[in-house]
Amino acid sequence: MAGAQYVPLDASLLEAASGQGAAAAGVPEELPMVFLCAGCKRPVGDTLGWVANDEETGCVLLRSASLNVSVEKEQKLSSRPGECGCMIETLFCSGCSMTLGNIYRCTPKHLDYKRDLFCLNVDSIESYILGSSEKQAVTDDEPLTLESRAGLEEAIERAETILKALEARLSVVESSFASRHNS
């Protein structure tokens, strides 16, 4: 992924996910972004499932996540300020067990926008903007087609015939040399 554009793990991640920072960074807004676990770099989600950003708590809200995200089934009462009465389930990476965020299962009215969404903490994820690679594969050769393959096979057969003829001549020369050397 050399030359790929990674978005820093701060407010600019939130801006880039919403498309606000993408144009400023010189990347067209329509390019999707993949969110990676900051621990093991496995993909955990993407902007196709993006719902919103919560800049106050520093999380990205996604409708869906990848199979690399596991949900702890034990519900806990949130102890964060302003989240009194929230029941949450912890999200963690299936690869490295790093805590990625939460799913809010029960919320007071002012946090209803977070309910049943994957809330990934920006400190636990990195992002990769698809299409941001600078390097392109360069091929000077023409593509292999049925016609060009047939031509290559014919050239190989001719080379094999010539090699067999040269091998036979060499064998004659070697045997002649060996018989003269033994006499």
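Student: In this predicted model, by about how many helical turns are R158 and E154 separated in helix α3?

Tutor: R158 and E154 form a salt bridge, with their closest N and O atoms 3.9 Å apart. The two residues are four residues apart in helix α3, so their separation is about one helical turn.

Student: Which residue meets R149 in a salt bridge?

Tutor: R149 lies in helix α3, residues 146–182, and its partner lies in that helix as well, four residues away. R149 is partly exposed at 47% relative accessibility, and the partner is partly exposed at 38%. The N to O distance is 3.0 Å, and the partner is E153.

Student: How many residues apart in sequence are the parts that K41 and E126 tie together?

Tutor: K41 forms a salt bridge with E126, the closest N and O atoms being 3.1 Å apart. K41 lies in the loop between β2 and β3, whereas E126 is in strand β11, so the pair ties together parts whose separation in sequence is 85 residues.

Student: Is E126 buried or exposed?

Tutor: Buried residues are those under 20% relative accessible area. E126 has a relative accessible area of 19%, whereas its partner K41, at 41%, is partly exposed. E126 is therefore buried.

Student: Which residue has the backbone nitrogen that the side chain of S78 reaches?

Tutor: S78 is placed in the loop between β7 and β8, and at 11% relative accessibility it counts as buried. Leaving aside residues up to four places away in sequence, S78 touches E83, C86 and I88. The backbone nitrogen reached by its side chain, at 3.3 Å, belongs to R80.

Note on methods: Residues are numbered from 1 along each chain as its sequence is written. This is a predicted model: local features need pLDDT of at least 70, side-chain atom pairs count only at pLDDT 80 or more; totals for chains, interfaces and linings use all residues. Side-chain values use heavy atoms; hydrogens and water are left out. Buried means under 20% relative accessible area, exposed over 50%, partly exposed in between (1.4 Å probe, protein chains only). A polar contact is a pair of N or O atoms within 3.5 Å; within protein, one must be able to donate a hydrogen and the other to accept it, and residues adjacent in sequence count only if both atoms are side-chain atoms. Contact means heavy atoms within 4.5 Å. A salt bridge is a side-chain nitrogen of Lys or Arg within 4 Å of a carboxyl oxygen of Asp or Glu.
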